[in-house]
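Here is an easy-going tour for someone meeting this structure for the first time. Take a look at the sequence and the 3D view, and then we can walk through it together.

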Amino acid sequence: MEGALRLKAKVEQRLRDHRLRPTKARIRIGMMLLESPKHLSADQIFDKLTKHGHCISKATVYNTLNVFAKHGVVNEVAVDPTRMYYDSTTSPHHHFYNTDTGQLTDIPRENLSVENIPRLPDNTEIEDLEIVIKIKNKQPS
Ligand SMILES: [Zn+2]
């Protein structure tokens, strides 16, 4: 219980840091995402909340995550065209994406170096460089 209270305080602080009012839904969803480094889709968050007996609508989950992403509380990771993942780690890093399991795994930025970036099109600059390495499970031989 003490851990939950500490987590709640942490989430409230994070919301305030991003100038978001700590509503009940934001705190609930924030506690789910910010407990530890995590990548979750809106549906996964909705399922977990419902399973834990919380009464929340899918629309509220989607809206809250959109607000979180817009305010930088979480990062959006668009690896799967059918769903968005929300990443509780907001500093730049890369990912493994397992297409069999849908699992996203962090790759610390310093563990991957990118050399030979091609010449950028005229009048452009790099805004972000985030690499997703798609992996799949090996077939047993
Ligand atoms: Zn990540």
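Where along the chain is the place of Asn-116? Asn-116 sits in the loop between strand S5 (104-107) and strand S6 (132-135). Before going on, keep in mind that this is a predicted model.

**Two asparagines in one loop**

Let's stay with that loop for a moment. Asn-116 has a phi near 55°, which is a positive value in a residue other than glycine. Most residues other than glycine have a negative phi. Asn-123 also lies in the loop between S5 and S6, and its phi, near 60°, is again positive in a residue that isn't glycine.

Are these asparagines buried or exposed? Asn-116 counts as exposed because it has 4 C-beta neighbours inside 10 Å. Asn-123 is exposed too, with 5 other C-beta atoms within 10 Å.

**The overall layout**

Now step back to the whole protein. Its secondary structure comes to four helices and six strands. Reading from the N terminus, the elements go α-α-β-α-α-β-β-β-β-β. Put a box around the C-alpha atoms along the principal axes and you get roughly 50 × 50 × 30 Å. The protein has 141 residues, and 16% of them count as buried. As for contacts between residues at least 6 apart in sequence, 45% join residues at least 24 apart.

**The core**

Which residues of the largest nonpolar core touch the most other members? This core has 16 residues, and the answer is Ile-29, Leu-33, Ile-45 and Tyr-86. The elements that supply two or more residues to the core are helix H1 (2-17), helix H2 (24-34), helix H3 (42-51), helix H4 (58-70) and strand S3 (83-87).

Leu-33 is a handy one to click on. Setting aside its neighbours within four places in sequence, Leu-33 is in contact with Lys-38, Leu-40, Val-74, Tyr-86 and Ser-88.

**How the helices pack**

Two packed helices are described by the angle between their axes and the distance between the axes. Here are those values for three pairs in this model:

| Helix pair | Angle between axes | Axis distance |
|---|---|---|
| H1 and H2 | about 110° | 9 Å |
| H2 and H4 | roughly 75° | within 10 Å |
| H3 and H4 | about 130° | 10 Å |

Take H1 and H2, with their angle of about 110°. That angle makes H1 roughly perpendicular to H2. On the H1 side the residues are Leu-7, Lys-8, Lys-10, Val-11, Glu-12, Arg-14 and Leu-15, and they meet Arg-26, Ile-27, Gly-30, Met-31 and Leu-34 in H2. Sorted by class, this contact has six nonpolar, one polar and five charged residues.

Next come H2 and H4, whose axes cross at roughly 75°. With that angle, H2 is roughly perpendicular to H4. Ala-25, Arg-26 and Ile-29 are the H2 residues here, meeting Thr-60, Val-61, Thr-64 and Leu-65 in H4. The contact of H2 with H4 includes four nonpolar, two polar and one charged residues.

How do H3 and H4 sit, with an angle of about 130° between them? That angle makes H3 oblique to H4. H3 passes H4 in a right-handed crossing. Ala-42, Ile-45 and Phe-46 of H3 make the contact with Lys-58, Val-61, Tyr-62 and Leu-65 of H4. By class, that contact has six nonpolar residues, no polar ones and one charged.

**Two more stops**

Thr-82 is found in the loop between strand S2 (75-80) and S3. Thr-82 is exposed, because just 6 other C-beta atoms lie within 10 Å and the cut-off for exposed is 12 or fewer. Thr-82 and Asp-43 are 39 residues apart in sequence, while their C-alpha atoms are 11 Å apart in space.

The last stop is Asn-137, in the segment after S6. Asn-137 counts as exposed, since it has 9 C-beta neighbours inside 10 Å. How far is Asn-137 from Lys-10, C-alpha to C-alpha? The two are 127 residues apart along the chain, and their C-alpha atoms are separated by 36 Å.

Definitions and conventions. Residues numbered from 1 in each chain as written. Predicted model: local features only at pLDDT ≥ 70, side-chain atom pairs only at ≥ 80, totals over all residues. Core = buried A, V, L, I, M, F, W, Y, C linked by C-beta atoms within 7 Å. Buried ≥ 20, exposed ≤ 12 C-beta atoms within 10 Å, placed from the backbone. Contact = placed C-beta atoms within 7 Å. Axes fitted to C-alpha atoms, helices over the stretch in contact; angles between N-to-C directions. Parallel < 35°, antiparallel > 145°, perpendicular 65-115°, else oblique. Left-handed = near helix turned anticlockwise from the far one by under 90°. Nonpolar A, V, L, I, M, F, W, Y, C, P; charged D, E, K, R; others polar.
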